[in-house]
Amino acid sequence: MDGFAFLWLWIVGVTASYFNPILPGFHPDPSCIYVERTFFCVTSTFTWFPGVPVYASKDIHRWELVSSVLNRREQLPQFADAPTGQDGLFASTIRHHNGTFYVTTTYVSIASYRDFVMENLIFSTADPYNASSWSIPTKVDFIGYDPSLLFDDDGTVYFTGAAALSTGTAIALATIDVDSGSLGPISYPWNGTGLGTAEGPHLYKKDGWYYILVAEGGTKENHRGSIARSLTVGGPYESDPANPIVIAEHLNSSYFQTVGHADLFQDEDTGLWWGVALAMRSGPDFVSYPMGRETVLFPVSWPGEVGGWPSLLEPVRGQMGTSLSGKSGNASGIPGTRDEPDVVDFDVSSDFPTHWLHIRYPEEAAYVISPPGHLKQLQLGLSARNLSSVVTRNSTIPSIITFLGRRQTDTLFSFSVDLEFHPKGPADEAGVSVYLDEQRHIDFAIIADDQVVDGKRLRLRSFSNNENATLPQDVIVPLPGVQEADAAVRLEVRAENTTHYIFLAGQVRRDLSEDTQMTVVGHSLASLVSGGYTGTVVGVYGTTNGEATTANTSVAYASRWSETISEGYRRASLKSRDSGDCARMFVSSRKINAIYETANLHHARVSEDRPFAITNASLISMGLTTPELMRQATVLVQKGQIVAISPGPDVKLPAHCEVLDAEGGAVLPGFIDIHGHWGGFFSPFPTQSWKMETFLGYGVTKIHNPASSNVAGHIERVLIDKGRMYGPRVYHTGDVLYGSTQPSVYTEINSLADARDALLRIKEEGGDASFTVKNHQVVSRSARQRLLLEAAKRDMLVVPEGGWSFDWGLTYFIDGYTSQEHPLPVPELYDDFLSLIAASGSSYTPLAVMNYGSIFGQHWIHQDADIPNDAKPRKYVRHDIVEILIEVKQAPNNSYLFFNTTLSTAKLAKQGARTNVGAHGEQPIGHLFHSVIETMALGAQTPYSVLRSATIGNAISLGLQSSVGSIEVGKLADIVIYPPGVDNVEKVWEQSGYVNFVMRGGIVFSVEDGIVELWPRKGRNQARSPLNPEDVTRGGEI
């Protein structure tokens, strides 16, 4: 079935039966079999213990962790000395023969390229549900890795593996005695298609033919799977003309990448074939993918004719279209991957959950559940070795590390633990860590500090050896609140967007009489813990950092272990990010090039290295989905980007740093008007647009025009970016693609070629700003779908004009448009339709000021406010416009549909849908944008939710969230600063338009009395043309 067939299934409303990954969190190199009506799978674990988990399922999408192959020290003593997190047990394969299960794997220990070990092992059991029944392994005399077995019909057993030769890898084949591990003569029958690094071989026999499936292309961008066949096991092998048969759907756009290292297996009861492979939720950028290589499932067609080739029935996506038996969706028995929180209270006589992990073998005495005097707590004995230590042959420090954690299984999650810790040694520390390996981890800990009264502080520290990694500065702060004696501190890690972790702390009252108030301590990047063979594990640790441990060494007590995933995001993300050829899959991958925006366009104005600091800020960063407020914060900016964020007043600033004291005023990211029209280049003064200055003066640092002249909009953007005109960042759709038959605006889309030509014209004429396209009154749904398909190929987002037809609006959401602009033309949206919008992945821009079917909402705003006498609009907007903005005819509230619209929008927001904020460019511009913010909260949205929509929410809808929309390290410095007294969310919402200062790409403006540049140059760069008659000086013109 081809892509168009699956697009049709989506269009007519067939819902997917399961989601990938089926084994979330790092589960690389999967291998599966079907035995006695049960599917069994194993994956690789490297230096994590217990090692090589065995999962079982009766229906292929409800999985249970039933045992681990490596579960006791006697099986593999040398595992204790695996040097790094990228050593240990490599690719595992599971097979079954005559009542015995066999798991082959390789123990790898690479101290150097001259000092390495590759021990190939065969574990076996008759009962995979009984962990203790897994055998001590049989060793195979083979220098290589990725072993696999085939039990042939005549009783011969074949061994395949990736031989490590001086010339590289080669796929090896030999007979084997599985009891002794001895191999027959080795041959090299087929080494892939020539892409290189052939590995992970699996040998199959079907209908008298032998097939070899191999992984090739390395472990990242070019990773894939290819297959060959032969009538004799030794070859020669014929390569499948369709190779690679296992590969990411779109190398330049798919959310799931590096799809490969696959295994094929058959449901012998139904005859259906399936495949599993590793894949990464990285997108094509390979920047932030902390969960690493996970297990995905796909249906396979393997024809019954002799010598037929296997092929994928559909490519690997987050939401699969293949039906499975039972309830739709994934219903895993693996703890922490279900809807409910993963909560552990360390009850007396309880054991650790089976999915929890240690780094190598643990020291069992270091972990005591509910010791005397510490009911429902886990006692952690500190280890001398810390999380950054590599095990070496000559090391005098024991290889044991005190760490206990569980896989990060979801993009968005919250993990917390309450920790009691009183460090005795000067280097003692205990805390939580987001851990990938020795060189990549983020530690949030209580550390010893004899300079403070209670002898301890909190420290957030990041480690990464990734290429081009920029590590945030350590954050060291006092413990939160006034610490009670022996009170615990709650340490929390939140991943509330795709790029950053947020770390919070709060004092836990011993009597639990109040909820713990959490304070943001700092942030770090998911990109720092992305890469390698594994994925992140989140958990608790304790170390003396090299000091020998004794009976008097500190201990820590952990309690109330809790992890909660964002289930709604998981489903919506997996559906929207890889949903066939729909345009919405590109929302998450589109981003501004920050270097281009700040360094190239502003090189003449922000070229010096001088830093700029905003101090004493009440920071509302919008990096979280729940309200947060960082008091007395400092935001450090350099070369137009945010380089550091520090809580508390005691921050040491760099030398020669320019400082702006916010005096306690609120500091937020710049606002984004996602739907704003303006006069463009046709304004009265083309090089000094009062409209552009007005947007900026009201804190709008980015604006998206969904209907503009390609050329005129591009020219105006260039003038702003070159500093010849003040204004926000400008993005636009260019000329609208109309379905109207009026010759001057009609666009014909009768073929994919028509759609392609229309989009190429927009891209060529509009330049970098044109990454969106708008269609309006295109009656033919097939024409609209052609536009979607061609836009997807060009990384363009499609934002259609809604409001004219409910039926059209329905198909916009079903077909996968990026957003729908304007409210749907019905008084109320009911729950079924709201659920559809939320599940679609599309966003919704209700534009309450432009409700069709009633008096426009802007008139209610005009009658409710005295705009002509408001001082701020008179400073920015032409007076002839301001003075007519008064409604002399009052209308009752029930004459305005926008109240219904805001109510439906609030319901949508509660269901997890993105609801955008835009003001349509209605007068008075700038002022009306903030009026929309106010009216959206009338529909029962919280003020924070609306402000979030107007910042990071709008950025996400445009795919710009990696660079703008929130105040986070690495993002562009687009910031608004409010006056003293406007210092929390409610006050900002009430006075959102009355900002003191605006920073746009590191350039600071005072905006109280018009636009005045404060830094890096003081005063205007060009005299402003007169705006009103009273502004005309002698000899001037209007």
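**Exercise 1. The largest nonpolar core**

Task: State which residues of the largest nonpolar core touch the most other members, and which helix gives the most to this core.

Solution. Step 1: fix the term. A nonpolar core is a set of buried Ala, Val, Leu, Ile, Met, Phe, Trp, Tyr and Cys residues joined through side-chain atoms within 4.5 Å. Buried means under 20% relative accessible area, exposed means over 50%, and partly exposed lies in between (1.4 Å probe, protein chains only).

Step 2: read off the members. The largest core has 69 residues, and those touching the most other members are Ile620, Leu668, Phe671, Phe929, Ile933, Tyr978 and Val988. Helix α15 (residues 943-957) gives the most to this core, with six residues. Helices (H or I, at least four residues) and strands (E, at least two) are DSSP runs, numbered from the N terminus.

Step 3: look for another core. A second, separate core has 42 residues, including Tyr367 and Val521. In soluble globular proteins, nonpolar side chains tend to be buried together.

The model is predicted: local features need pLDDT of at least 70, side-chain atom pairs count only at pLDDT 80 or more, and totals for chains, interfaces and linings use all residues. Residues are numbered from 1 along each chain as its sequence is written, and side-chain values use heavy atoms, with hydrogens and water left out.

**Exercise 2. Around Ile620 and Gln991**

Task: List what Ile620 is in contact with, and decide whether Gln991 is buried, partly exposed or exposed.

Solution. Step 1: contact means heavy atoms within 4.5 Å. Leaving aside neighbours within four places in sequence, Ile620 is in contact with Glu628, Leu629, Ala666, Val667, Leu668, Pro669, Tyr944, Asn984, Val985 and Val988. Two of these names, Leu668 and Val988, also appear among the core residues that touch the most other members.

Step 2: Gln991 is found in the loop between α16 (985-990) and β54 (997-1000). With a relative accessible area of 36%, Gln991 is partly exposed.

Step 3: with the same neighbours left aside, Gln991 is in contact with Tyr978 and Val982. Gln991 and Tyr978 are 13 residues apart along the chain, and their C-alpha atoms are separated by 9.0 Å.

**Exercise 3. Strand β38 and its partners**

Task: Find which strands pair with β38 in the antiparallel sense, among them β24, β27 and β29, and give a bridge partner for each of these.

Solution. Step 1: two strands pair if DSSP finds at least two bridges between them. Strand β38 (residues 555-565) has eight of its eleven residues buried, so the rest of the structure largely encloses β38.

Step 2: take the partners in turn.
- β24 (residues 342-344) is joined to β38 by three antiparallel bridges, and Val344 has Trp561 as its bridge partner.
- β27 (residues 378-381) pairs with β38 over four antiparallel bridges, where Gln379 is matched with Tyr557.
- β29 pairs with β38 over eight antiparallel bridges, and Phe421 stands opposite Ala556.

Step 3: inspect a residue of β29. Ser416 lies in this strand (residues 413-421) and is buried because its relative accessible area is 12%. Beyond four places in sequence, Ser416 touches Arg490, Leu491, Glu492, Arg560, Trp561 and Ser562.

**Exercise 4. Aromatic rings**

Task: Classify the pair Phe142 and Phe159 as stacked, tilted or edge-to-face.

Solution. Step 1: rings of Phe, Tyr and Trp (its six-membered ring) pair if their centres lie within 6.5 Å; planes under 30 degrees apart count as stacked, over 60 as edge-to-face and the rest as tilted. By this rule the count is 36 aromatic pairs.

Step 2: the centres of Phe142 and Phe159 are 5.1 Å apart and their planes stand at 70 degrees, giving an edge-to-face pair. Phe142 is in the loop between β11 (138-140) and β12 (144-151), while Phe159 is in strand β13 (residues 157-165), 17 residues apart.

Step 3: check the cover. Phe142 has a relative accessible area of 5% and is buried; Phe159 is buried too, at 2%.

Step 4: note a cluster. Phe346, Phe352, Trp356, Tyr367, Phe415 and Trp561 form one aromatic cluster.

**Exercise 5. The whole chain**

Task: State how many helices and strands the chain has, and what share of its residues is buried.

Solution. Step 1: the secondary structure comes to 16 helices and 56 strands. Step 2: of the 1038 residues in the chain, 62% are buried. Step 3: among contacts between residues at least 6 apart in sequence, 66% join residues at least 24 apart.
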